[in-house]
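Here is a short briefing on how two chains meet and what surrounds a DNA strand. Look over the sequence and the structure before reading on.

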2 protein chains.
Amino acid sequence: MGPKERREREREEIRGKILDAARELFASEGYEAVTMRRIADRIEYSATAIYFHFKDKDALLKELCEHDFAQLAQQLTAMDQLPDPVDKLRATGLAYIQFGLEYPNHYRLMFMTPHPPVDPDEIRKGNPEEDAYAFLKEIVAECIRTGRLRPELQDVDLVSQTMWAGVHGVIALDIAKCNDNWVEWCPLEERAAFMTETLIRGIVR
Amino acid sequence: MGPKERREREREEIRGKILDAARELFASEGYEAVTMRRIADRIEYSATAIYFHFKDKDALLKELCEHDFAQLAQQLTAMDQLPDPVDKLRATGLAYIQFGLEYPNHYRLMFMTPHPPVDPDEIRKGNPEEDAYAFLKEIVAECIRTGRLRPELQDVDLVSQTMWAGVHGVIALDIAKCNDNWVEWCPLEERAAFMTETLIRGIVR
DNA sequence: GAACTTAACTTAACACTGTTAAGTAACGGA
DNA sequence: TCCGTTACTTAACAGTGTTAAGTTAAGTTC
């Protein structure tokens, strides 16, 4: 169906090129350090060309984050195959920390930087395939349902948010303070393992 | 002793004015949103005048952070009067979260933003009066010494860093995600209490 | 008391940022 | 062939942190 579709495809292609260049630069140097002009240089366009594909720099970031959120959710759902729900919980926590360790700059933008609230229209939560928090909640709910947690723990959100905060604390503190010679840091894997283990010990029956 | 000291005093005075203006603006609007020119406007000086008192914008931030670190340590040490070491640990965790809640913008700069490593010369750690981490370590050490923790837990740093990461996770996630309508957040006090309680239950004998 | 030095500034400017306005060249459809 | 749309470019704007050069007042020295 002719040139109309070809142009659509070309447009999509350069959009992708912009995203790729931005992802690479953001990931290696951080959002603030990267300029529109440098992104444009990478793909041999002028800086203003980007504005024909994205509203502004934040829109670029937002799109990348959405992709990363989905990727995180996908990596976590791999833990769903474990038979024991408490094992699932532990493995999910460790996988979460690993994600942060692997993509620290993405993690910073996703979870350590305040964002404007999401437009209620385009909120599409609850699908564990795309929503890591929904996945976590499902595991916690399963732990409660099968009687693995202390009987007074019935608030799925409270338990989920605390597990999340725990692993977030480990990786976020590491990202912000890894080259801080004030504290003699234990190896990250040790801290990750001990955090998940301690939280789980604190909630299981 | 004459005009020399008066000038020294005057210099100190405007230095303080700059710091006060910067603190107020940083705290209410965040570091990046505040410009040197606006700080200068507040105290009715030109922007360049600031550079006679501080090397650059980062130096301003660094000095403010140092002050805040000391204030945090001071607030935490108030918990030292509690008789029971485990109670101390719990109260310290809650006080830490309260500090973050009270000064979220300071907290962001202190603990959620990567900083260049501290110059080894001017590192002055270990004094619990000024060093919150040293204070935490002392409490954990006391818990271990008095046999309140599980016997296999002998690494003071690992336990301290995990307690820290836990409360950091609660407040850091709240600061970054408080206006995120994706997740239905439990009240912060609930999350704070449950985190400290769960971690403590996970480490006590 | 006049001349000189120094400290504490101010104004002007630089190199950069994200972003927008105005202009241009190529292409598809009538 | 003309026209309008699309996809861009160059030039420019307002704003940033920071520096260079000029100014003014005070203190010091002869």
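Which residues come nearest to DNA strand C? They are A:Thr35, A:Asp56, A:Lys57, B:Ser46 and B:Ala49, out of the 19 residues around the strand; a residue is near a strand if its C-beta atom, placed from the backbone, lies within 6 Å of it. This is a predicted model, in which local features need pLDDT of at least 70, side-chain atom pairs count only at pLDDT 80 or more, and totals for chains, interfaces and linings use all residues. Residues are numbered from 1 along each chain as its sequence is written, while chains are lettered from A and ligands numbered from 1 in the order in which they are written.

**The surface near DNA strand C**

- Helices α1 (2-29) and α2 (36-42) of chain A and α1 (2-29) of chain B each supply at least two residues of this surface (helices are DSSP runs of H or I, at least four residues, numbered from the N terminus).
- The surface near DNA strand C has eight nonpolar, five polar and six charged residues (Ala, Val, Leu, Ile, Met, Phe, Trp, Tyr, Cys and Pro count as nonpolar, Asp, Glu, Lys and Arg as charged, and the others, Gly among them, as polar).

**Chain B against chain A**

- In chain B, 41 residues are in contact with 41 residues of chain A (C-beta atoms, placed from the backbone, within 7 Å).
- On the chain B side, α7 and α8 (188-203) give two or more residues, and α7(B) gives the most, with 14 residues.
- That side divides into 24 nonpolar, 10 polar and seven charged residues.

Technical notes. Contact = placed C-beta atoms within 7 Å.
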